[in-house]
Amino acid sequence: MSIRALSGEGQRGDRGAMTVTAGALAAATPATRDRYVDLLRVASLGTVIAGHWLMAAVSRDGMGNLLALVPGLQWLTWVFQIMPVFFFVGGFSHALSYRSLARRCDGPVHAAFLRARLRRLLRPTLVFVLLWAAAALAVQLAGRGAGGLTAAALRLVTQPLWFIGIYLAMVLLTPPLLKLHERYGWAAFAGLAGAAALVDVLRFALAVPYAQFLNFAFVWLAVHQLGFLRADGRIRRPAALALAGAGLASALLLVAVGPYPLSMVGMPGEKVSNMAPPTLALLCHGMWLVGAVQLLARPATAWLARPRVWRGVVAANGVAMTAFLWHLTAMLGVYGLQLALGPDLPAPATAAWWAQVPVRILLATALTALLVGVFRRFEAPGRPAGPGAAPGNGPLAAAGTVLCLLGVLGLSTTGLGGLLDGHSATLIAFPVTAPAAIGMAVAGALLVERSGPARRVRLRG
């Protein structure tokens, strides 16, 4: 049973559902539950949020990146680029969820798995997208050209949605990749890692056009595959030490002698990014992070046995996606208020700027909490169904998922600044506009919703 399963019986997300406190959910946790996975999910998203707040270098003219202004700080990305841990946890949860559903459902379960997994993810995402699109449309219909912080907000607020698009692909591909894992184990991970290395050879040594985009799949799916291995108890201390050591040594070597930059996040204007598209260096970074967090599992699990600590993790898991979606909105609100109330902001990375960082983060945290209070209802899971649920329409669910991930990835590329002017951006090799991306995401969500039986399905993990 998982936080999602527990909260599926309690939070007010569907008709007839009762509201249950985080304390009650925590008290209902079975002794066999892997609490550390829930902590990793919350901690990884929390670290990403903190990193975004810290890296934003805002002025009245717009927004820059602190790491580009102060390159000496780019080593911090080896701590704050923790998204591989989230995808690793996703692999663990997807393995448990799919297997649990397969035991309880009649016939193929792919459609039911997709619908149950995506419903809680897509509802808060689409609410976020549609509200921001309405705000962007209002700005453009008012006839005022968006400049300064407003233009930066419309351009940047959707960028973190790339991670949701990748996560949708992972959910879609879980059944075949789980079969691959069950047959080959570590060799399946090695195959994906080897494919990522080959892509970088094609990219950097042979200059094959568009080859680099394959690593959006190979790099992140390799990390996801590590989650399958953990679900089967195959990343114990020796394997964790090997992963951490080999990953860290390889990442350091690749950055030192290869064409890879130091930063593990994208930098403005850089010729090569470790993130977009991902590189072998980023995969090695993910390997050492996975190994490192596994080495911390035993003491962290003992800490999580404390009731107060576990209640906090339960509560945070229930709103983690909502907080992630709205944290940039909160940060922009804090900066906008600061600009409205006083003179220009201090120059980024100056002593005055650093002195204001704790205050800005506290205010952004408070505003994020307020936004979570307003929008958390959309993250509530559906009601559980009993055993024997109908399988649903697998091809329809898959088609809807593909549309959703293309729409979300497209929107992360285009931003919302050109809703009315036909501005397009390139998604891999294809042009996409913001209205088209929004349309694909909404249409895909509707297809996923229509693909399954009327009854809700509760998942493990």
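Pro277 sits in the loop that runs between H12 and H13. In this predicted model, the peptide bond leading from Ala276 into Pro277 is cis, its omega being near 0 degrees.

Two other loops carry a backbone feature worth a look. Ala207 is not a glycine, yet its phi is positive, at about 55 degrees. This alanine belongs to the loop between helix H10 (186-205) and helix H11 (215-231). With a relative accessibility of 58%, Ala207 counts as exposed. Ala349 also has a positive phi, near 75 degrees, in a residue other than glycine. Its loop is the one between helix H16 (320-341) and helix H17 (351-375). Ala349 is partly exposed, at 29% relative accessibility.

One more loop residue deserves a stop on the tour. Gln74 is placed between helix H4 (66-69) and helix H5 (77-80). Is Gln74 buried or exposed? Its relative accessibility is 14%, and because buried means under 20%, Gln74 counts as buried. A polar atom of the Gln74 side chain lies 3.3 Å from the backbone oxygen of Leu67. Leaving aside residues up to four places away in sequence, Gln74 touches Leu67, Leu262, Ser263 and Met267.

Now for the overall picture. The protein has 461 residues, and buried ones make up 52% of them. Its secondary structure comprises 19 helices and 4 strands. Among contacts with a separation of 6 or more, 81% come from residues 24 or more positions apart.

Next come the salt bridges. How many salt bridges does a search of the whole structure find? The search finds 8. Three of the pairs are set out here.

| Pair | N to O distance |
|---|---|
| Asp38 and Arg41 | 3.0 Å |
| Arg99 and Glu182 | 3.2 Å |
| Arg119 and Glu449 | 3.8 Å |

Let us take the pair of Arg99 and Glu182, whose closest N and O atoms are 3.2 Å apart. Arg99 is in helix H6 (residues 83-104) and Glu182 is in helix H9 (residues 162-184), so this salt bridge ties together parts that are 83 residues apart in sequence. Both partners are partly exposed: Arg99 has a relative accessibility of 21%, and Glu182 has a relative accessible area of 49%.

The pair of Arg119 and Glu449 has its closest N and O atoms 3.8 Å apart. This salt bridge links distant parts of the chain, with Arg119 in helix H7 (residues 110-141) and Glu449 in helix H19 (residues 434-451), 330 residues apart. Here Arg119 is buried, with a relative accessible area of 13%, whereas Glu449 is partly exposed at 31%. Elsewhere, salt bridges that share partners bring Arg33, Asp38 and Arg41 into one network.

Within that network, the side chains of Asp38 and Arg41 meet at 3.0 Å, N to O. Both residues belong to helix H3, where they are 3 residues apart, about one turn of the helix. Asp38 is buried, its relative accessible area being 0%. Arg41 is buried as well, with a value of 8%.

Helix H3 also leads to the last topic, a pocket. The second largest pocket has a volume of about 420 Å³. Its lining consists of 16 residues, and those nearest its centre are Ile235, Arg236, Arg237, Gln294 and Ala297. Which helices each supply at least two residues of this lining? They are helix H3 (35-55), helix H12 (237-257), helix H13 (280-295) and helix H14 (297-304). H14 gives the most, with 3 residues. By residue type, the lining of the second largest pocket divides into 8 charged, 5 nonpolar and 3 polar residues.

H12 and H13 thus appear twice in this report. They flank the loop that holds Pro277, and each of them supplies at least two residues to the lining of the second largest pocket. Helix H3 has two roles here too: it holds the salt-bridged residues Asp38 and Arg41, and it is one of the helices that line the second largest pocket.

Methods
Residues are numbered from 1 along each chain as its sequence is written. This is a predicted model: local features need pLDDT of at least 70, side-chain atom pairs count only at pLDDT 80 or more; totals for chains, interfaces and linings use all residues. Side-chain values use heavy atoms; hydrogens and water are left out. On a 1 Å grid over the protein atoms alone, a cavity is a set of points where a 1.4 Å probe fits but cannot get out, and a pocket is an open set with protein on both sides within 12 Å along at least five of seven lines; lining residues have an atom within 4 Å of a point. Grid points are joined across faces, edges and corners, and a volume is the space filled by probe spheres set on the points. Ala, Val, Leu, Ile, Met, Phe, Trp, Tyr, Cys and Pro count as nonpolar, Asp, Glu, Lys and Arg as charged, and the others, Gly among them, as polar. A salt bridge is a side-chain nitrogen of Lys or Arg within 4 Å of a carboxyl oxygen of Asp or Glu. Buried means under 20% relative accessible area, exposed over 50%, partly exposed in between (1.4 Å probe, protein chains only). A polar contact is a pair of N or O atoms within 3.5 Å; within protein, one must be able to donate a hydrogen and the other to accept it, and residues adjacent in sequence count only if both atoms are side-chain atoms. Contact means heavy atoms within 4.5 Å.
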